[in-house]
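Open the model in your viewer and keep the selection tool at hand. The stops below go from a pair of strands out to the chain and back to one side chain.

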Amino acid sequence: MHELGIAKSLLDIVRDEARRHGQARAVAVGVRIGELSGVNSKALIFGLESLTKGTEFDALEARIETASQRNRCTACNHEFLVVNHNTICPECGESQTQLIGGDEIEIVYVEFEE
Amino acid sequence: MKKRIALKQKVLENNDSIARRLRAVFESQKILTLNMIGSPGAGKTALLEQTLRRLPSGLRAAVLTGDIETDNDAARLARFGKPVRQITTGGACHLDAGMIERELDKLETQKVDILFVENVGNLVCPASFDLGEASKIVVLSVTEGDDKPIKYPATFAKADLLVLNKIDLLPHVPFDLARARGNAKRVRPGIDIIETSCLSGEGIDDWLRWIQTRASAM
């Protein structure tokens with residue numbers, strides 16, 4: 001349960017962004033959570049709601065999209081989505097493939113009301 | 001009117017920037033830093049006890065050990081005469097890079113070849129926090145179940161080594177070694193796997209060899 005801390009870091013970034021845009025009112029934040037990030041989306045939303053209630057972010061809506069694991073083949077450089085933990089390259093059958101995505105926790109956008 | 005500002009900013013950028021700084025320090029001072037992750041009771045501290053007891057004296061070790069409360073682990077590990085510092089997170093379920101940086105100032109790092117970081121007992125949260133380590137190591141005991149690599153893929157997908165611990169208990173538990181190995185390789189094809197028992201000492205030499213190979217490559 002480290003989602004509360006992650007929610008806090010996320011709000012810090014939104015707050016900085018709001019300041020940068022003349023204290024605009026942030027109404028939505030787009031967040032991408034990789035399936036290998038170790039973050040549970042429901043717990044993150046719960047954390048955000050607990051932190052924003054009765055604050056300037058009361059109306060902030062969290063729009064969370066999940067990102068699947070992506071690997072790159074070390075033999076043929078093919079990039080592919082990993083389904084059901086199967087990390088073998090679907091192009092050439094190579095078993096040594098590298099994680100290139102799906103562990104991200106990032107803010108994609110912030111939406112302000114003007 | 002609504003206005004959308006595209007960001008693409010990492011939420012844990014604060015942690016990651018400290019981790020990058022730490023990694024640069026470890027690399028320039030040739031310190032092999034290993035981030036040891038596993039459930040409570042998997043045997044992380046027991047493995048470190050064996051390690052500190054048997055590591056060749058030419059390799060100077062230090063330990064940062066994390067727990068939510070108590071300094072019990074530091075007390076267990078301090079008996080071997082190596083520098084050991086307890087990090088008490090006071091509730092947090094993982095270590096973060098800032099905690100490592102704060103403790104690093106208190107270690108004489110110029111006298112350290114290998115820094116073991118024993119994370120808080122947890123197979124989920126530590127995976128999200130880069131500590132600047134050279135490798136993550138998962139310690140999984142045979143009493144936990146052979147499907148753990150696919151149940152907790154985030155941790156296993158980022159680990160360079162899986163230590164399958166407590167193999168002396170294999171006759172008593174329904175743990176399938178081949179299935180555990182297969183599941184780990186499925187999630188992380190390049191993962192090394194070592195089987196150990198900290199009670200009988202079996203496999204500890206393999207583990208020490210793995211560390212020595214890594215340390216000499218620094």
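Select strands E6 (residues 135–141) and E7 (residues 159–165) of chain B: the two run parallel and are joined by six bridges. This is a predicted model. To find one of the bridges, pick Lys136(B), whose partner in E7(B) is Ala159(B).

Now add strand E2 (residues 32–37) of chain B, which pairs with E6(B), also in the parallel sense, over four bridges. Here Leu34(B) is a good residue to click; its bridge partner in E6(B) is Ser135(B).

Stay on E6(B) and show its side chains. Which of them point one way and which the other? Ser135(B), Ile137(B), Val139(B) and Ser141(B) are on one side, while Lys136(B), Val138(B) and Leu140(B) point the other way. Residues on both sides are buried. With seven of its seven residues buried, E6(B) is therefore largely enclosed by the rest of the structure.

Next, select helix H2 of chain B, residues 44–54. Eight of its 11 residues are buried, so this helix too is largely enclosed by the rest of the structure. The buried set consists of Lys44(B), Thr45(B), Leu47(B), Leu48(B), Glu49(B), Gln50(B), Thr51(B) and Leu52(B).

From H2(B), move to Phe80(B), which is in contact with Glu49(B), Leu52(B) and Arg53(B), leaving aside its neighbours within four places in sequence. Phe80(B) sits in the loop between helix H3 (72–78) and strand E4 (84–88) of chain B. Is Phe80(B) buried or exposed? Its relative accessible area is 18%, under the 20% cut-off, so Phe80(B) counts as buried. For a distance check, draw a line from the C-alpha of Phe80(B) to that of Ile114(B): the two are 15 Å apart in space and 34 residues apart in sequence.

Finally, zoom out to the whole of chain B, with its eight helices and eight strands. Its radius of gyration is 18 Å, close to the 17 Å that the globule rule gives for 218 residues, so chain B is as compact as a globular protein of that length. The C-alpha trace spans about 65 × 40 × 35 Å along its principal axes. Of the 218 residues, 57% count as buried.

Turn on the surface of chain B: about 9,300 Å² is exposed, and carbon and sulfur atoms supply 49% of it. Colouring by charge picks out 32 positive and 28 negative side chains, with the centres of the two sets 6 Å apart.

Methods
Residues are numbered from 1 along each chain as its sequence is written. Chains are lettered from A and ligands numbered from 1 in the order in which they are written. This is a predicted model: local features need pLDDT of at least 70, side-chain atom pairs count only at pLDDT 80 or more; totals for chains, interfaces and linings use all residues. Side-chain values use heavy atoms; hydrogens and water are left out. Buried means under 20% relative accessible area, exposed over 50%, partly exposed in between (1.4 Å probe, protein chains only). Two strands pair if DSSP finds at least two bridges between them. The radius of gyration is taken over C-alpha atoms; the globule rule is 2.2 Å times the number of residues to the power 0.38. Accessible areas come from the Shrake-Rupley method with a 1.4 Å probe; for residues, only the protein chains shown count as cover. Lys and Arg count as positive and Asp and Glu as negative; His and the chain ends are not counted. The place of a charge is taken as NZ of Lys, CZ of Arg, CG of Asp or CD of Glu. Contact means heavy atoms within 4.5 Å.
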